[in-house]
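Trainee: I have a new model open on my screen and would like to learn how to read it. Could we go through it together?

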Amino acid sequence: MNQLNVGETVLQARNVHKTFGTKGNTQHVLKGIDLRVTRSEFVGIMGPSGSGKTTLLNVLATIDYKTDGTVLIDDEDISKLSNTALSAFRRNKLGFIFQDYNLLDTLTVKENILLPISLSKMSRRKAESEFTSIADVLDIKALSHKYPHELSGGQKQRTAAGRALIHQPSIVFADEPTGALDSKSASSLLDVMEKVNQQRGVTVVMVTHDPVASSYCSRVVFLRDGKIYSELYRGDKTRHAFFNEIMDVQAVLGGDHVDSF
Amino acid sequence: MLTVFELALRSMRQNVKHYYLYFFALIFSMSLYFVFTSLQHDQAVQNMTHPSVDFFAGFQIGGVILIVIVGIFTISANGIFLRRRSREIGLYQLIGLSKGWVARYLMIENILLGLGALLAAIICGALISRLFVLFLLNLLGLEGIVDISFSVPAAFKTLMVYLLIIVITSIQMMLKVYRSTLLNLFQADKRPDLTKPPKAVASAIFALLGLVLIGYGYELSGHINKQLFLNALLMLGSIVAGTYLLFRVTIRWCFYRFRKRKDGHLGLTNSLSMAPLMHHTKANANSLTLITLLSAMTITMISMAYSFYYSVEQETRRDLPYDFMFENEPQEALSFKKELEKEGIDVKHHVVEAVLTMGIILDPNDESRKFEESLLWLPAEQLKQTGADLNIPPDGEAILYNAGASLAGDLDEQSKRYPTEIELEQHGQTVMYTLRTLMERNIMNLNAPGTQLLVSEATMDKIAEQMAGTPDYKKIRFETYQVPDKEELAIASSLYNAKYVSDERLTYDFYTQYKVVLQTTGLLIFIAAFLGLVFLISTGSILYFKQMTEAEQEKQSFKTLRQLGFDVDMIMKGIIRKQAIVFLLPLSIGMLHSIFAIEAASFMIRSDTTFPASIAMAIYTVIYLVFALFTIGYYRNIVKKAMS
C-alpha cells in the first residue's frame with residue numbers, strides 16, 4: 001500500500017484552458033482552472049451541463065489534451081510525456097470508473113479486475129491476494145466467475161471500481177459512476193467508494209451531477225462556464241448537512257434538476 | 001415523403017464504406033464466373049487443342065463447382081452483413097415500419113447493389129478475359145494470338161448467376177426479418193453463444209470423438225484404392241464430422257481448460273484473443289469448419305492438378321521410353337530414318353532383337369492363380385546400347401517392367417509377390433526362371449506386345465533356343481529412335497504422324513502423347529487454379545468480413561483498454577494472436593487434411609508429388625496470409641482511432 005502522507009499534493013492543475021474546434025469556430029470550454037488535490041482526498045466536481053466538468057476530468061485524467069496551462073500528477077507534467085510514457089503512466093498511476101462501466105464483455109469479473117495488472121511484473125500470488133482484498137471490500141467475491149451480462153448495473157460498477165483499484169493507483173478518476181444506477185445501487189457503490197477512500201486512503205476525483213453522490217465527497221468543486229465557481233469542504237459535517245449545503249450552491253448555480261435526498 | 005426505393009438508395013450511398021467489401025466480393029465472383037464461361041464458349045482456343053482433349057466437359061464441371069462456391073460465399077457474406085445491420089433492421093421496426101416494409105427495403109437495396117455488381121463484373125470480366133486466355137494458352141503449350149470477343153452466352157449465364165444470388169440472399173433476408181424478434185436484433189452484437197462451462201464428461205467424449213474421427217479418416221486414406229468409392233465416402237464423412245467437432249468441442253474444451261487453470265489471471269494478450277473467440281464459439285465453429293474444409297479441398301485440388309501438370313514429361317517417359325519405335329517393320333523404319341536425315345534431324349537409331357513367348361508368372365501368395373500370358377523377353381545388353389538406364393540382371397533372372405503397375409493396386413502389396421518364378425512350357429517340359437523384382441516403368445514403348453521382361457542377352461538366347469517352335473513363339477526386331485533436340489522432335493513427330501500411323505496397329509510416339517497429356521493436364525491445372533483462386537478469395541473474404549465485424553463490435557473495448565493505459569502495440573499483440581488462431585488454425589488443419597488426401601489420391605500419379613504439391617501449398621499459403629495481413633491492418637486502424 002502507498003505510504004500515506006496526508007496533505008501531500010497528488011494532482012495540481014494550473015491555469016488549465018481547453019478549446020475545441022478549429023480556427024474561427026472555437027469553443028472555449030475550460031477557462032483557466034486551478035485545482036489542487038491532496039493525498040486521500042475525495043473530490044467531487046459538479047456543475048450544470050456544459051460547464052466543462054467532464055472535459056476537465058478528461059484533461060486531468062490524460063485522456064484529453066489541454067490547450068494551455070499545466071497538469072502535474074505526482075509532480076510529473078503529463079503534457080510532457082510521450083504517447084508510450086503516457087500509456088504507462090495511466091496504467092501505473094491512474095484508475096478509471098466510467099458511467100457505462102466499460103467492462104470487457106468477453107471477460108469474467110475476475111479477469112476484468114485483474115486486467116490492469118496483466119502486464120505488470122506482479123507475481124500471481126500477490127495479484128491473487130490483491131484481488132481477494134479488493135473483492136472483499138467491494139463485496140463481489142462471489143461473482144468472480146460471472147460475465148458482465150449476468151450482472152446487475154451495481155455489480156458491474158463495483159467490478160469496474162475493482163478494476164480501477166487493483167493496481168493501487170495514485171488517483172482514481174470517476175466519471176458519473178452512479179449515472180446509470182438506481183438509487184439503491186448508487187448509494188451502495190458510494191458507500192464502498194467512501195470506505196475505500198477512508199480505509200485505503202485512495203485519492204478520488206469524481207464528476208457527478210448528483211448532489212447525493214457528491215455529499216460522500218470530502219470536498220466539492222463547482223464549475224460554471226469553464227471556471228471554478230466555488231468550493232465546499234465537508235469537514236466534520238454530517239453527510240445530510242453537507243448535502244444541504246451542496247443543494248444551496250446548486251440552486252444558485254441553476255441548471256440540473258435535483259433528486260430529493 | 002420518402003418512398004422505400006428512395007430510402008434504399010440514400011442508405012446505400014451512406015453505407016458505401018460498409019458495403020464496399022460485399023460489393024467487391026460480388027463483383028469479383030461474378031466477373032470470374034463470366035471469364036470462366038467466356039472461355040468455355042470460346043471456339044478459338046478449343047480449335048487449337050488436340051481433339052482428344054475434352055475442353056467443354058472440363059469447363060462445364062468447373063462452372064458448376066464455381067456456382068456452388070459463389071453460392072456458399074454469398075450466403076456467408078450476406079449473413080455477416082445482415083448480422084452487422086441487425087440494429088438498423090430493428091430500428092426500422094421500432095419506429096413502426098412493418099416487417100414486410102423492411103424486407104422489401106432490404107431486397108430492393110440488395111437487387112440494386114447486385115445489379116451494379118453485375119454490370120461491373122461483366123465489364124471487368126470482358127477486360128480481363130484476354131489475360132486469362134493468354135495464361136491458358138501458355139499452360140497448354142500453344143502459341144498464337146487469340147482474340148476473344150465479348151461472349152453473349154457468358155453474359156447471359158452470369159445474369160442467371162446474379163438472379164440465383166438475388167433469390168438466395170432475398171430468402172435469407174426475409175428469414176432474418178420475419179424470424180428474429182426485436183430483442184434478438186438489438187442484442188445481436190452482445191449475445192454470447194456459450195459462456196457456461198462445457199459439461200465435463202460429454203465434452204471430453206465429444207472432444208476425443210472429433211480427434212478419433214479425423215484419425216480414422218486419415219487411416220482410411222492410407223488404403224483408399226481398395227473399394228475406392230466406399231472408402232472415399234467414409235473418409236470424407238469422418239473428416240468433415242471430425243473437423244466440425246474439433247472446432248465446436250475439442251478446441252473450445254482446450255481453451256476452457258486453459259482459461260480455468262489461469263483462474264482469472266488471463267493476461268491482456270489472451271483476453272484479446274482467446275476470450276472473444278470463446279465468446280462466439282458456435283458461429284466461429286461453423287465458419288472455421290467451412291474454411292478448413294474449403295482450404296483442404298482447394299489445396300488438394302490444386303496440388304493434384306499441379307502434380308499432374310508438373311510430371312507430364314516424366315509420366316509419358318515411363319510409358320514411352322523411346323521417341324519412336326518400329327516393330328518388325330524394317331522398310332518403314334528405314335524410310336522414316338531417311339526422311340529424318342533429309343530434314344537434317346539428328347537421330348539415334350538402335351535395333352533391339354527380342355523374343356515373345358507364352359508363359360506363366362507365378363504368384364507365391366496365391367498358388368491357384370495361374371494364367372498364361374505373352375511374355376516379351378528383352379536383352380539388357382542391347383537395350384543398354386540405346387542409352388536406357390538399367391542394370392543387367394544375372395543369368396537366369398528377369399526383371400518385370402510395367403509402367404501401369406500402380407493402377408492394378410497398391411504397390412507395396414504387389415512387391416510382396418517378388419521374387420517369384422516364371423514357368424515356361426516347352427515341348428511338354430517345364431523350365432523355371434526367377435523373376436527378381438518389379439520396376440514401375442516400361443523398358444520398351446507401351447505398344448510393344450506382351451509383358452516386358454528384362455533379361456541378359458545370354459538368358460534370352462537360351463530361352464529362344466528352348467522355346468523355338470512352341471505356339472506363339474516369335475522373334476521381334478524393334479527399331480528405336482531418339483531425337484535429343486526438342487524442336488527437331490516436334491518436326492520428327494509430325495513426319496511420323498503424316499505417314500507411319502495406321503489404324504491396324506497401336507502406334508504411339510512420345511511427342512504426340514506428351515502434347516495430348518500436356519494439354520489435358522494444362523486444362524486441368526487452369527480450371528483447378530481458377531477455382532482455387534475463387535475458393536481462396538472466398539474463404540479469405542469470409543474470414544476478413546467476420547473479423548471486420550468483430551473489430552467494429554470490439555471498438556468500445558479497445559477504447560476502454562486505451563484509457564486504462566494499454567498502448568496500441570500491446571493491444572495489437574492480442575489481436576495478432578487472435579488472427580493467428582483464426583487464420584492459421586483452419587489453414588494448418590486444412591493443409592494436414594489435404595496432405596492425407598493427396599497421399600490417398602497419389603496412386604493416380606506415379607511420379608513423386610512432394611515438390612509440386614509443396615509449391616502449390618506455398619502459393620496458397622502466401623495468398624491466404626495476405627488476407628490475415630489485411631485484417632490485422634484493419635484492426636490496427638480501429639485500435640489507433642479508438643481514443644479519438
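Trainee: Happy to start with confidence. What is the mean pLDDT of chain A?
Mentor: Keep in mind that this is a predicted model. In chain A, 95% of the residues reach a pLDDT of 70 or more. The mean pLDDT of chain A is 89.

Trainee: Where in chain A does pLDDT stay under 50?
Mentor: There is one such stretch to mark on your screen, and the model has 7 contacts for it beyond four places in sequence. The stretch where pLDDT stays under 50 is residues 257-261 of chain A.

Trainee: And chain B, what does its pLDDT average?
Mentor: In chain B, 95% of the residues score at least 70. For the model, the scores are ipTM 0.88 and pTM 0.83. The pLDDT of chain B averages 85.

Trainee: Let's look at the open sheet of chain A. Which strands stand at its edges?
Mentor: The sheet has 6 strands in the order 6-7-8-3-9-10, with mixed pairing. An edge strand here has a single partner strand, so one side of it is left without a neighbour in the sheet. The edge strands are strand 6 (94-97) and strand 10 (227-233) of chain A.

Trainee: Do strand 3 and strand 8 of chain A pair in the parallel or antiparallel sense?
Mentor: Find residues 42-46 for strand 3 and residues 203-207 for strand 8, which pair over 4 bridges. A:Ile45 stands opposite A:Val207 in strand 8 of chain A. The sense of the pairing between strand 3 and strand 8 of chain A is parallel.

Trainee: Moving to chain B, how are helix 4 and helix 19 oriented, roughly parallel or roughly antiparallel?
Mentor: Helix 4 (residues 55-84) and helix 19 (residues 510-553) of chain B have axes 10 Å apart and pack at an angle of about 0 degrees. That angle makes helix 4 of chain B, relative to helix 19 of chain B, roughly parallel.

Trainee: How do the residues of that contact divide?
Mentor: Sort the residues where helix 4 of chain B meets helix 19 of chain B by side-chain class. They divide into 17 nonpolar, 6 polar and 3 charged.

Trainee: Which helix of chain B gives the most to the side that touches chain A?
Mentor: At this interface, 21 residues of chain B are in contact with 27 residues of chain A. Helix 11 (268-279) and helix 20 (555-563) of chain B each supply at least two residues to that side. The one that gives the most, with 5 residues, is helix 11 of chain B.

Notes:
Residues numbered from 1 in each chain as written. Chains lettered and ligands numbered in written order. Predicted model: local features only at pLDDT ≥ 70, side-chain atom pairs only at ≥ 80, totals over all residues. Axes fitted to C-alpha atoms, helices over the stretch in contact; angles between N-to-C directions. Parallel < 35°, antiparallel > 145°, perpendicular 65-115°, else oblique. Nonpolar A, V, L, I, M, F, W, Y, C, P; charged D, E, K, R; others polar. pLDDT = per-residue confidence, 0-100. Contact = placed C-beta atoms within 7 Å. Pairing = 2+ DSSP bridges.
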